Amino acid sequence: MSIRNVVFFGSSGGGKSSVINMFLGGEIRAPISSGKIGCTFESKSYDTTIENTRYHLYDTPGLNEGLECRTSAKEAIGNLKSLIRNLSSESDGGVNLLVFVFRSPGRLTDIIEEDHRTVYEGFCDKKVPIVMVVTGLEDEVPTMNHWWEKNREKFEEKKIRFVDVACITATRGRLAEDNQRHRYDEEYNLSVTLVKKLLVKNCRHSGWRKESNNEWIKGSWKWIRKHF
Ligand SMILES: Nc1nc2c(ncn2[C@@H]2O[C@H](COP(=O)(O)OP(=O)(O)OP(=O)(O)O)[C@@H](O)[C@H]2O)c(=O)[nH]1
Ligand SMILES: [Mg+2]
């Protein structure tokens, strides 16, 4: 069975690890932060199978501000570059999908625009589809998807483009008073369906590989230098 490699990235505390856990159904889980300190320090992959297809979901350290990070922004982007480079080398299966995780009500800063461009254009030559998962929408009314209707233009103005977007919550929230269920169970369960659909629909069938290693080194360093 072929494996699809999916790389999650975005600012620290945005919910990357929490979103990955939505695919894992309570088995092995990615550690998530409970306080102010960011908690994913190196890339790690988690396996899941959806509709008879195997996926490797790559959790990566947070790229920018947000939570206090133990990984610097430069280390984090370097780490992401190495991961994509390894996946896109001859021996590995290639990269099938990029997932940018954005936490509402976060600001759409120039740094985010730069991260999107560095990863999508600089590291992946615009050859890997990129989607966005927006977290933190448990209280959005009338529906979680309303957030994208309100904010779509801001992304378009900055030319930050995605082939698809899922508006979700990655938390079940606190236990309700009856101790039987959590406050956002309903929104969370809908969100699990949405993120699974997002993966199935948008992954490349065959993984993207960079043609030559030299090209990789030249191209990606150009983007990293521009970034810092
Ligand atoms: N309210 C709310 N909290 C969320 C949501 N998603 C994640 N969180 C919380 O946000 C905090 C950070 O989540 P993580 O999943 O660790 O974020 P991360 O992007 O992996 O962070 P780093 O590993 O530091 O880059 C945790 O306390 C989560 O419970 C969401 O949709 N809504
Ligand atoms: Mg994390």
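Let's start at threonine 40, which counts as buried because its relative accessibility is 16%, under the 20% cut-off. Keep in mind as we go that this is a predicted model. Threonine 40 has a partner in holding a metal: Ser17 (OG) and Thr40 (OG1) are the protein donors of the magnesium ion (ligand 2), at 2.0 to 2.1 Å. This pair brings together distant parts of the chain, with serine 17 in helix 1 (residues 16–24) and threonine 40 in the loop between helix 1 and strand 2 (44–50), 23 residues apart. Serine 17 also counts as buried, at 6% relative accessibility.

Now follow serine 17 into its helix. Nine of the nine residues of helix 1 are buried, so the helix is largely enclosed by the rest of the structure. Its surroundings are easy to trace: the buried residues pack against strand 1 (3–9), strand 2, strand 3 (53–59), strand 4 (97–103), strand 5 (130–135) and helix 5 (185–202). Just past the end of helix 1, glycine 25 adopts a positive phi of about 55°.

Helix 1 leads us on to ligand 1, since it gives the most to the shell there, with three residues. Among the 21 residues around this ligand, the nearest are Lys16, Ser18, Ser33, Thr40 and Glu138. Threonine 40 thus turns up again: an N or O atom of its side chain is 2.7 Å from an oxygen atom of ligand 1. A side-chain N or O atom of glutamate 138 lies 2.7 Å from a nitrogen atom of the ligand. The protein covers 87% of the 650 Å² of accessible area that ligand 1 has on its own. By character, the shell divides into three nonpolar, 15 polar and three charged residues.

Terms used. Residues are numbered from 1 along each chain as its sequence is written. Chains are lettered from A and ligands numbered from 1 in the order in which they are written. This is a predicted model: local features need pLDDT of at least 70, side-chain atom pairs count only at pLDDT 80 or more; totals for chains, interfaces and linings use all residues. Side-chain values use heavy atoms; hydrogens and water are left out. Donors are N, O and S atoms within 2.8 Å of the metal (3.2 Å for Na, K and Ca); water is not among the atoms, so sites may look incomplete. Helices (H or I, at least four residues) and strands (E, at least two) are DSSP runs, numbered from the N terminus. Buried means under 20% relative accessible area, exposed over 50%, partly exposed in between (1.4 Å probe, protein chains only). Contact means heavy atoms within 4.5 Å. A residue is near a molecule or strand if one of its heavy atoms lies within 4 Å of it. A polar contact is a pair of N or O atoms within 3.5 Å; within protein, one must be able to donate a hydrogen and the other to accept it, and residues adjacent in sequence count only if both atoms are side-chain atoms. Accessible areas come from the Shrake-Rupley method with a 1.4 Å probe; for residues, only the protein chains shown count as cover. Ala, Val, Leu, Ile, Met, Phe, Trp, Tyr, Cys and Pro count as nonpolar, Asp, Glu, Lys and Arg as charged, and the others, Gly among them, as polar.
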